[in-house]
Structures are given as structure tokens and as C-alpha cells.
Amino acid sequence: MLVRIDPASPLPLFEQVAAAVRRALAEGDLALGEQLPPARELAASLEINIHTVLRAYALLRDEGLIDLRRRRGAVVIAGARERARLTALVGDLITEAKRLGLDADELTRTIKERYS
């Protein structure tokens, strides 16, 4: 799994780390049961604070992509690839809606109309 940080990006560092993991999941570079790099090692290799990596991992846990367990680390859980792909598609949808000038309520209304 390749994680790159762009210091010029407007995205916070933890979002960049989380996005890299989501991308790796969506592209099949990470599989069910695979362990993510320990937060301390990843933070050291990226030269960022360990709490930044931990915040990214907590976000991924909250999204249902990984499981965090003490002494076991961060592990990819079942359905993570599909959820990561869906999250990426939603991100693209939001980006396009913003480009078109739609606010969140308009986008939500459009999704609800199409979903039913």
C-alpha cells in the first residue's frame, strides 16, 4: 500500500492518509484480513505525527472499513472493498455537485428521488 502526503493539498493530513487506504481497498491492493502498517511506522515513514495516522485509522473504522484492536493493529474487515468503492463514488458525486453549485439539500433531494 502506497501512502503519499501532499503538503500543498487543502485536505488535512489524516484525510489524505485515509483516502490512500480507501483507494488501496477499492483497487484491491488490500484484502480481507490484511493488516495496515502500524500507526507508529506509517507516521515515521511519512514524517507526520502518530496521532494523525491514528485519526485516519479511527475515521476508517467509523466508515466500517477496518477493525482496530489493541495489539492486533488495524485490519481490513469484510465488505471493506465495496464500502471503500462506494465512499469514493460518493466523494466524486459531492465534488461534481459542488462544481455545479448544488448544496447538500439539493443533492440529498436528488438522491432520494432517484433511490426510490
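User: Which helix holds Q16?

Analyst: In this predicted model, Q16 belongs to helix α1, which covers residues 13–26.

User: Why is Q16 called buried?

Analyst: The relative accessibility of Q16 is 8%. Buried means under 20%, so Q16 counts as buried.

User: What is Q16 in contact with, once its neighbours within four places in sequence are left aside?

Analyst: The partners are R4, I5, D6, S9 and L11. Each has heavy atoms within 4.5 Å of Q16, because that is what contact means here.

User: Where is I94 found, and why does I94 count as partly exposed?

Analyst: I94 is in helix α4, residues 80–99. Its relative accessibility is 35%. Buried needs under 20% and exposed needs over 50%; 35% meets neither condition, so I94 counts as partly exposed.

User: How many residues separate I94 from D62 in sequence, and how far apart are they in space?

Analyst: The two are 32 residues apart in sequence, and their C-alpha atoms are 20 Å apart.

User: What makes β1 and β2 a pair of strands?

Analyst: Strand β1 runs over residues 66–69 and strand β2 over residues 73–76, with 4 bridges between them in the antiparallel sense. Pairing requires at least two bridges, so β1 and β2 count as paired. One of the bridge partnerships joins D67 to V75 in β2.

User: What lies between the strands of this hairpin?

Analyst: There are 3 residues between β1 and β2, and R71 in the hairpin takes a positive phi near 70°.

User: What is the order of helices and strands along the chain?

Analyst: The pattern reads α-α-α-β-β-α-α, from a total of 5 helices and 2 strands.

User: How do you know that residues 11–79 carry a domain annotation, and what is their secondary structure?

Analyst: The annotation comes from UniProt, where an unreviewed entry gives "domain: HTH gntR-type" for residues 11–79. Annotations of this kind may be inferred rather than shown by experiment. In the model, that stretch is 51% helix and 12% strand, with its end C-alpha atoms 26 Å apart.

User: What share of the chain is buried, and what share of the contacts joins residues 24 or more positions apart?

Analyst: Of the 116 residues, 28% are buried. Among contacts with a separation of 6 or more, 50% are between residues 24 or more positions apart.

User: How many side chains are positive and how many negative?

Analyst: There are 18 positive and 17 negative side chains, and the centres of the two sets lie 5 Å apart.

Conventions
Residues are numbered from 1 along each chain as its sequence is written. This is a predicted model: local features need pLDDT of at least 70, side-chain atom pairs count only at pLDDT 80 or more; totals for chains, interfaces and linings use all residues. Side-chain values use heavy atoms; hydrogens and water are left out. Buried means under 20% relative accessible area, exposed over 50%, partly exposed in between (1.4 Å probe, protein chains only). Lys and Arg count as positive and Asp and Glu as negative; His and the chain ends are not counted. The place of a charge is taken as NZ of Lys, CZ of Arg, CG of Asp or CD of Glu.
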